[in-house]
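Please look over the sequence and the three-dimensional structure shown here before reading on. The report that comes after them is written for a reader who is new to protein structure.

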Amino acid sequence: MADDTVDSEFAFELRTCRWAERAWPPGGNAGDSDGPATIVARQLGTKRRRWDTIVFECDPGALRQRAKFGAKRLDGDLLHIVRNAPAEWTYYRDALPHPGYPWRYVREAIHRADDRGILETRKNGNRIEIRRKWPYPEWVERIVAIENKPDLDASAARTLGPQLEYDVAMSLADEVWVATQQTGERVEPVLLEGLPVEAGVLALEPEALEAEVAWYPRSLAVEEPGTRILERPDDGDRGGSAARFEYVDPEEKATTRRLIAERAYERGWRSFADTMRPDCRHFELRAAGPQDGSQLVPYCTGKGDCQTAAECAGSCPDFQPEPPVWRTKGWPIEGGPGKRLKRLLADRRRRRRPGLDGGATE
Ligand code: SF4
């Protein structure tokens, strides 16, 4: 890949995702490049904190079991049902713990689960009874959050520091890392000073897709209460103001982790085309990296570069719709090149989700 294609943080982020998919964990056994036990996603998190790259270390058997529930995410309501659905026919209100919101929403979710083929339902008089099709597996073993900062200088480290401190205090992920571009020199200790000691630092060579660990992270206490930092004083170390924070109980953290994992299962990191304009005549997918011709990254023939997701949006002044003649084969059912590119990426995502060919239809 030419150097200019990794200039943007976006391009670097895509390379980090691909590297993680092939080589996670760093410094350990890279494992089989087609190994199924790692799911990688990007730009996911919570309302307050979104991570760049997220690696889910999975139990291979449980990941295959998860595939039975289909490629689409299970939202909070559906998870409540499939995690508590009984093995024998039971009136749903007897089977499920009170959800903390009105039962009518549970009934709606039961119908949705039935439509998706992930729950069995029947009427017994006026009562809806449910029975599980499969137990919902705990398929995620560890969650690793990575911030991508190709140019990690002292000022970038100072900016990143509070975000990583938030992650460490919350302990929603098992590990947090910063990935930076390898420069051939060791990561300066002064940079590490700006970052919490619990965060790892990874030096990635995006062209060759090789990484070295500059600093190993500490495992965070995901099963203990987290501390959500709401506000921090900006009057420096000597100021008398107190930070505002609240505790988050481990159960809420476990629920949030499951919801993030479900979104990651559906989207993965190749969903970048969903927010870009593959229906533009300038949009292409090009192979990245001489060592890794199989990674497809976006490329704009108009700009002659890997465009960012923000540039490649409805507001792009250079957008030109793909000509209708490109769509003549089978259009509109098959769609034009834009649709085909999305399908190509979706097929690749599917390959990382073993077992998806059986089970639920969606
Ligand atoms: S011209 Fe604009 S919309 Fe079209 S591919 Fe390039 S960045 Fe995307």
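The paragraphs below go through a helix, a pair of strands, some backbone angles and the surroundings of a ligand.

The model is a predicted one, and the description starts with helix 6, which covers residues 154-170. How far apart are the end C-alpha atoms of helix 6? They are 24 Å apart, and this agrees with the expected span, because 17 residues at 1.5 Å a residue should also give 24 Å. Helix 6 nevertheless has a kink of about 35° at glycine 161, and this kink lies shortly before proline 162. Several residues of helix 6 are buried, namely Ala157, Leu164, Tyr166, Asp167, Val168 and Met170. In an α-helix there are 3.6 residues a turn, so residues three or four places apart point the same way.

Serine 171 follows helix 6 and belongs to the loop between helix 6 and strand 7 (175-181). Serine 171 counts as buried because 21 other C-beta atoms lie within 10 Å, where 20 or more are required. Its phi is positive although the residue is not a glycine, whereas most residues other than glycine have a negative phi, and most peptide bonds are trans.

A positive phi is also found at glutamine 43, a residue that is placed in strand 1. Is glutamine 43 buried or partly exposed? It is partly exposed, because the 17 other C-beta atoms within 10 Å fall between the limits of 12 and 20. A cis peptide bond, in turn, joins tryptophan 24 and proline 25, and proline 25 lies in the loop between helix 1 (9-23) and strand 1 (38-45). The table gathers the angles of these three places.

| Place | Angle |
|---|---|
| Glutamine 43 | phi about 55° |
| Serine 171 | phi near 50° |
| Tryptophan 24 and proline 25 | omega about 5° |

Strand 10 (residues 226-231) and strand 11 run antiparallel and are joined by five bridges. Within this pairing, isoleucine 229 has phenylalanine 245 in strand 11 as its bridge partner. Strand 11 (residues 244-248) is hardly covered, since the count of buried residues among its five residues is zero.

Which residues come nearest to the ligand? Of the 13 residues around the ligand, these are Cys280, Cys300, Cys312, Cys316 and Asp318. The shell around the ligand is made up of six nonpolar, three polar and four charged residues.

Conventions: Residues are numbered from 1 along each chain as its sequence is written. This is a predicted model: local features need pLDDT of at least 70, side-chain atom pairs count only at pLDDT 80 or more; totals for chains, interfaces and linings use all residues. Helices (H or I, at least four residues) and strands (E, at least two) are DSSP runs, numbered from the N terminus. The expected span of a helix is 1.5 Å times one less than its number of residues. The bend at a residue is the angle between axes fitted to the seven residues ending there and the seven starting there. A residue is near a molecule or strand if its C-beta atom, placed from the backbone, lies within 6 Å of it. Ala, Val, Leu, Ile, Met, Phe, Trp, Tyr, Cys and Pro count as nonpolar, Asp, Glu, Lys and Arg as charged, and the others, Gly among them, as polar. Two strands pair if DSSP finds at least two bridges between them.
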